[in-house]
Amino acid sequence: MSNPYYREYSDFLAEVFPGGKVQKLSINAGFSCPNRDGSKGYGGCVYCNNHSFSPEYTATTPGDVAEQLERGRGFFARKYSNMRYLAYFQSYTGTYSDIDRLMPLYEAAIAPDDVVGLVIGTRPDCMPDALLSELVRLNRTKTVMIEYGVESSHDSTLRLINRCHTWAESADALSRTLDAGLYTGAHLIMGLPGETEDMMMETVERMALLHPHLLKFHQLQILRGTRLAAQADSIPVFTLDEYLDLCVRIVRRLGDTGICIDRFAASSPSAMLIAPRWGLKNYEFTNLLHRRLQLLREL
């Protein structure tokens, strides 16, 4: 491992795609979510503002895979020679459509020679067996990775944040995807309304038992344009020190499992962010965490 505390995302990518740098290129396919369009609910997750993490080049041509890939290359090709890419269906629910629509989009995304894999961000309740079988077939051509928005293992929390799926559905989707032989990850939000740190660590424990290939963590962020924004004054958020302490607990639980930790924190654009305003980029937070882990190791 590149650090002694846990398996980093760079280690994971180097093992899966040896031979040079690999970069994600985000794609907006124009999908929605079942908790937005009335299939299961309306309004989406109470914390979600998709614009907070979607690159600008995906906003101008939603659904045009080739154009978005080309625009994405422009961000990296001049800086890095011989860069390879992962086509990342990031916006909203990346499997929320009919198979007949989805598969041509995925196939177009992996068609370029410099695209070595496909990453699909989706919900646990949007992975039917028929689609999973098609993705297993596609995996024989280019590597396929699935990242599920799990957020919490507590159904009371999932109801409160309007996820409109259950922990049982998350565990089932993760297990089926792992059993199918696809690289599998999950996203978790720390600090959701009503959750204690012990509840958060219970989610970490449950994820460790399922043993996905990778986990993404981030602190709850209250963003403009979300339903949480109206409650911003009444929702407690982590201080920087509190969240660093929690991440130490997470590393101590996961460090020797082999599960890759892709990230610990998110940093939304300042104009969108209400709280917490730490003023740090992701790598700066990670550096602080590594220093804290080193100090604790030396005690």
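**Two helices and a nonpolar core**

Leu288 lies in helix 9. The structure is a predicted model. Leu288 counts as partly exposed, because its relative accessibility is 26% and the buried class ends at 20%. Leaving out residues up to four places away in sequence, Leu288 touches Leu240, Leu244 and Leu280. Gly72 is 216 residues from Leu288 along the chain. The C-alpha atoms of Leu288 and Gly72 are separated by 30 Å.

Helix 9 itself runs through residues 282–298 and holds 17 residues. From first C-alpha to last, helix 9 reaches 25 Å. This is close to the 24 Å expected at 1.5 Å a residue. Five residues of helix 9 are buried: Phe285, Thr286, Leu289, His290 and Leu293. They cover an arc of only 140° around the axis, which means that they sit on the same side of helix 9. A general rule of helix geometry applies here. An α-helix has 3.6 residues a turn, so residues three or four places apart point the same way. The other side of helix 9 carries the exposed residues Arg291, Leu295 and Glu298. The buried residues of helix 9 pack against two elements, strand 1 (7–8) and helix 8 (240–254).

Helix 8 also matters for the nonpolar core. The largest such core has 63 residues. Phe89, Tyr106, Leu118, Phe217 and Tyr243 have the most contacts inside this core. Helix 8 gives the most to the core, with eight residues. In soluble globular proteins, nonpolar side chains tend to be buried together. Phe217 shows the contacts of one core residue in detail. Neighbours within four places in sequence are set aside. Phe217 is then in contact with Leu188, Met190, Val204, Tyr243, Ile250, Leu254, Ile261, Arg263, Phe264 and Ala265.

Helix 3 spans residues 99–110, a run of 12 residues. At 1.5 Å a residue, helix 3 should span 16 Å. Its end C-alpha atoms are 16 Å apart, so the model agrees with the expected value. Leu102, Met103, Leu105, Tyr106, Ala109 and Ile110 are buried in helix 3. They cover an arc of only 165° around the axis, which puts them on the same side of helix 3. Several elements cover these buried residues. Among them are the strands 2 (22–27), 3 (84–89) and 4 (115–122). Helix 2 (65–76) and helix 4 (129–138) are also included in this cover. Tyr106 of helix 3 is buried, and Tyr106 is among the residues with the most contacts inside the largest nonpolar core.

Conventions:
Residues are numbered from 1 along each chain as its sequence is written. This is a predicted model: local features need pLDDT of at least 70, side-chain atom pairs count only at pLDDT 80 or more; totals for chains, interfaces and linings use all residues. Side-chain values use heavy atoms; hydrogens and water are left out. Helices (H or I, at least four residues) and strands (E, at least two) are DSSP runs, numbered from the N terminus. The expected span of a helix is 1.5 Å times one less than its number of residues. Buried means under 20% relative accessible area, exposed over 50%, partly exposed in between (1.4 Å probe, protein chains only). The arc is that of the directions from the helix axis to the C-beta atoms. Contact means heavy atoms within 4.5 Å. A nonpolar core is a set of buried Ala, Val, Leu, Ile, Met, Phe, Trp, Tyr and Cys residues joined through side-chain atoms within 4.5 Å.
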